[in-house]
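Let's take a look together at how charged side chains pair up in this model. The sequence and structure come next.

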Amino acid sequence: MEHREQELSEHFEATIARQGRIEPRDWLPDGYRKTMIRQIAQHAHSEIIGMQPEGNWITRAPSLRRKAILLAKVQDEAGHGMYLYAAAETLGVDRGDLTEMLIEGRQKYSSIFNYPTLSYADVGVIGWLVDGAAICNQVPLCRSSYGPYARAMVRICKEESFHQRQGYELLLTMMRGTGAQREMVQESVDRFWWPSLMMFGPPDDKSPNTERSMAWGIKRHTNDELRQRFVDMTVPQAEKLGVTLPDGKLRWNPERGHYDFGEVDWDEFWAVVGGDGPCNAERITRRRTAHQEGAWVREAAMAHAAKR
Amino acid sequence: MPPSADWPLFEVFLRGKRGLNHVHVGSLHAADPEMALRHARDLYTRRNEAVSIWVVPASAITASSPDEKDPFFAPAADKVYRHPTFYQIPDDIPHI
Amino acid sequence: MTDLPEFDAYLSLAEVSEDDHRWAFGTGFTDPLAGLDVAVPPSIDAAALAAYCLMLGDDALIYSHRLQQWVTRAPELEEETALANIALDLLGQARMLLTRAGQAEGAAGSKGRDEDQLAFFRDEGEYRNVRLAERADADFAELVARLLVFSAWRLALLRQLTSAADPVLAAIADKGAKELAYHRDYAAGWVIRLGDGTDFSHARMQAGLEAVWPLTGELFTPHPVEAALPGVAADVSALRAEFDASVDAVLAEATLRKPESRPLARVAGRAGRDGVHTEAMGYILAELQSIARAHPDATW
């Protein structure tokens, strides 16, 4: 038995080493399974919770075309959540259990969604910055060692690149519009810039699991690498828009070949991650309420199916 | 005992307009096959024109291992979600 | 600059391809109004056509608004996608109908308004939706009850309109009818599941039906605008038989009783089609219009 397990383990490591894919029926170490379930589930939860801050603006969207675009985007996010839950289920968990874990706070979601959306410009800024940061995080995951996750990510990344473009296009329209629209965009950027940088997680020297996750092909780049990449891609986009990013230390460093930027307020980061963010309670309550109040509907569907 | 609120898993196979055969695209939960078909249309074809959709209860699928190293520690018919998923990767994505 | 090779993939994802609109509106759609002459046929009363398109357009706009309010509140994630789909379909119909209304206004000699001017800058008394469209759904049973009634009715109506003398209205109806068939089937499926599910769901479903039924009468009450559009507008009183057949079949399979409630009375003889709505309408419009009205000169 032990010899057999040794053989399977070596095969797993060899697959990882040659950057191959691990598939649902392959043997995998318990630590890999647990880490992968948690990562995929938390990603799925983020998509579902992420429907709320943007969903808040569908009924108030100021043109019918923008309303349709936003409604379709939020619908996409529900779809992304479902693709990811499906990928997690191939690892031996049920979606219902994952939902319970989210509602009970035992699994997390991206903290950016614990920030409120306070103006219509936030819809564009979320598309530009938040989806932009998410794409930076997610494109490398298209090469995740776990097959079902990698494939779900390819589909999701393609759809999210459209979301980002639509968000940016809304901002371009607003920045070319009235003074009030321009102010709205700048005010929104002032609120979302730093939380977007926080989406990449704590600095590398405070991320203990990074090394193991990278060895297993679960994580392809460090937090700081991705954060830097996001800044480098986004600063020129901000210049094109004509908005000012709220960081006095932001400047191009020719020796490094990157933008230097200021220090993230890690106190705020840990407060929000720890559950004290501006919207943590509302986000979970909304999800819990929908799930609990929907139980009788789901039960009825099962009861009906059983009668046939 | 109240009926379970957990809907069973269905696997979804699509043949696109220009496709020659059905391809596995993912899974979803539904209470019955008709609902599964409808949800598959909503989720996997989004708002595209009609294509051919098959939904199969995951429990009805018997799978082999894609790899030679058949794990002996879990019986094949046990966990229904453990079966190969064959996605069609779009051509224009490099590095996959 | 350090290159992370995966970001070539990111950049290529951002390249425009034929699939460009897939995420929002799907691919392979033909524009139902492509190639149509948008001039209003001279035999048609253009002002009446404008009012009629507002009637049907407002029904869809306001109904879609109520479905949008269910986003993140649906009983299961798959229902989120389904409800958003229906809301998007109705919003699409509203946009086409409001646009047609504006074109007809222009043909009638007024300044024709566009879809956004009509959606965001009319006052409550100028909205012509039936009162059923504006009702809030207290639970999922009310949602599917109302959707069944609305969809079965609107499907019958749009089917009649596919032979309307206005080619644009006919084209809109043709596309819309396919969508409504899907909506009706979705609602019917749920009315049956809830009606013939658990005892609890049966009670809720019956209650949902009872709550919605008084607003059904208005759907089949003819209006003077329709009378001014022979060969164009549908005869709503003639839709009742088709509606009853469709709904009765669903209720029977769902083991539900057809409600016997009397129609909700009008207000000094007027109701939704005349711009006299329920108290809910003011709140709906406040939400729908607030941002647009705060920036009356803005482009979005």
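Which side chain meets C:K258 in a salt bridge? The partner is C:D244, with an N to O distance of 3.1 Å. Keep in mind that this is a predicted model.

It helps to see where the two residues sit. C:K258 lies in the loop between helix 10 (240-253) and helix 11 (280-294) of chain C, while C:D244 belongs to helix 10 of chain C, so the pair ties together parts that are 14 residues apart in sequence. C:K258 is partly exposed, at 32% relative accessible area, whereas C:D244 is buried, at 18% relative accessibility.

Chain C offers other pairs to compare, listed here with the distance between the closest N and O atoms.

| Salt bridge | N to O distance |
|---|---|
| C:E142 and C:R135 | 2.7 Å |
| C:K258 and C:D244 | 3.1 Å |
| C:D274 and C:R266 | 3.4 Å |

How do the remaining residues of the table fare for accessibility? C:E142 is buried, its relative accessible area being 12%, and its partner C:R135 is partly exposed at 22%. In the pair of C:D274 and C:R266, C:D274 is partly exposed at 24% relative accessibility, and C:R266 is partly exposed too, at 35%.

Chain A is worth a visit as well. There, A:E54, A:K73, A:E77 and A:D131 are joined in a network of salt bridges. Over all chains, the count comes to 40 salt bridges. As general background, side chains of opposite charge can pair when their charged atoms come close.

Conventions. Residues numbered from 1 in each chain as written. Chains lettered and ligands numbered in written order. Predicted model: local features only at pLDDT ≥ 70, side-chain atom pairs only at ≥ 80, totals over all residues. Heavy atoms only, no water. Salt bridge = Lys/Arg side-chain N within 4 Å of Asp/Glu carboxyl O. Buried < 20%, exposed > 50% of the residue type's maximum accessible area, 1.4 Å probe, protein only. Helix = DSSP H or I, 4+ residues; strand = E, 2+ residues; numbered from the N terminus.
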